[in-house]
Amino acid sequence: YKPEEMLGDGWWKLRTENQEENDRIKKQVTELDNNKTEGKSYITAIKTRKGKVRWIQWVDSVLENGMKIGIGQDISDRREMEERYKHIVESANDIIYTANFQGYFTYVNELGSRITGYDSEELLKMKFVDLISPSHRDDVIKFYQRQFNRRTVSSYHEFPILHKDGHESWVGQTVKALFDETKPGMVRGYQAIARDITENKHYEEELEKLSLLASETINGVLISDPDNRVEWANEGFCKITGFTINEIKNSRLGDLMTGPKTDMETIEVARHKTARGDGYVIELLLLNKKKEDIWLSISNTPIVDENGKMLKQIEILTDITEKKRYEEQLSRYSTRLEILNKTKQDILEAQNVEEMTNRALHNLAKRIAHCNRLSLAVFEKNRGKAELYYTDVKNSGKLIYKEMEMKSFRSLPYL
């Protein structure tokens, strides 16, 4: 619109088609207290002459002569990015929530409401600990109290929560501490991603029952002398490692199965404990007979006589290779999530698409190791266009822009 079209009552009539909303904003501005030099910030929609809706963030002020002045900033691009991110969070397959340093929820996505049975309004009045099953509440509180006291950045824990109707579900969650930028070391809150692992827990419980029945074949059992030399091994050990009883007999496990990735310091600590007659539980990355990596959980129990002299050692070995692979996947997932969260913040802080793209891609390149090239595509269905931004990290790092028809857009690798 032209300036003269908005003079007088023109501005109040041209804002939106909602006359009630126009009148409300007009009343809010005209009745602004003359004793206040500046009003609160607020966001409203306006409609351009071409009918396009733009979102404006306003701050109204009063001059000494009583004149009201409104200063507005177009935040349409930022609002669009926020709406996109909100859609991603709300449609996620994990519970995503934030809490303040006291443990009160400050945000919970839709999946969190579905799994707990509480609506968002109810959850925002609750503490995180209110959902924990009483049987595990004290242990969980102690776990996160340690994270708080030690200022640990990230942690993973599994525990049961109670649904609103009383039934129990298990979740595994990664919690990241949010530190106060103005007070280093001060935790101001937490953000968490939790996954429903109830079915996995039921499976583990059933597996544990089966393990008790089949312990002779599933777990490895070794009997060693006081010098850690194997005297006997069960069939379970042979199945796990591929070694026969004759191949392992009179050998020390740490000598026979160590590889380049084995933590020799852990082995030495275990041997020192054995020398003192103390038991231990350790996890080691070893090599099976085929020279393949294998993770073993080893529980050692010394057998002593009435005088405390060691007679034998019993070791129970469990193959935890799959568990370790899962933990590595979880760690990678947590790392990716942290990178995505930082990129999301870059997007939300940007004032327009160009700034958002430039900041997001360059910062993302810094956070991802061994990254050669990054691309970001923005689709505009109304125009039928695909806007592609990419940067060659290894060479110039310059941001390059291309626009093409959506029908000709195939994939980033193709481009």
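**Note on the predicted model: chain totals and the β1-β2-β3 sheet**

1. Of the 415 residues in the protein chain, 37% count as buried. The model is a predicted one, and the figures below are computed from it.

2. The secondary structure of the protein chain amounts to 14 helices and 16 strands.

3. The protein chain exposes about 26200 Å². Carbon and sulfur atoms supply 51% of that area.

4. On contacts: among those in the protein chain with a separation of 6 or more, 37% are accounted for by residues 24 or more positions apart.

5. One sheet is worth describing in detail. It is open and is formed by 3 strands in the order β1-β2-β3, with antiparallel pairing. Strands β1 (42-47) and β3 (68-74) each have a single partner strand and stand at the edges, so one side of each is left without a neighbour in the sheet. On average, neighbouring strands of this sheet are turned by 40° against each other, direction ignored.

6. The pairing of β1 with β2 can be given by residue. Strand β2 covers residues 53-62 and pairs with β1 over 6 bridges, in the antiparallel sense. Within this pair, A45 stands opposite W55 in β2.

7. Which helix lies across β1, β2 and β3? That is α2, residues 19-30, and its direction is about 130° to β1. Helix α2 thus lies across the strands of the open sheet described in point 5.

Technical notes: Residues numbered from 1 in each chain as written. Predicted model: local features only at pLDDT ≥ 70, side-chain atom pairs only at ≥ 80, totals over all residues. Heavy atoms only, no water. Pairing = 2+ DSSP bridges. Helix = DSSP H or I, 4+ residues; strand = E, 2+ residues; numbered from the N terminus. Axes fitted to C-alpha atoms, helices over the stretch in contact; angles between N-to-C directions. Contact = heavy atoms within 4.5 Å. Buried < 20%, exposed > 50% of the residue type's maximum accessible area, 1.4 Å probe, protein only. Areas by Shrake-Rupley, 256 points an atom, 1.4 Å probe, with all protein chains shown as cover.
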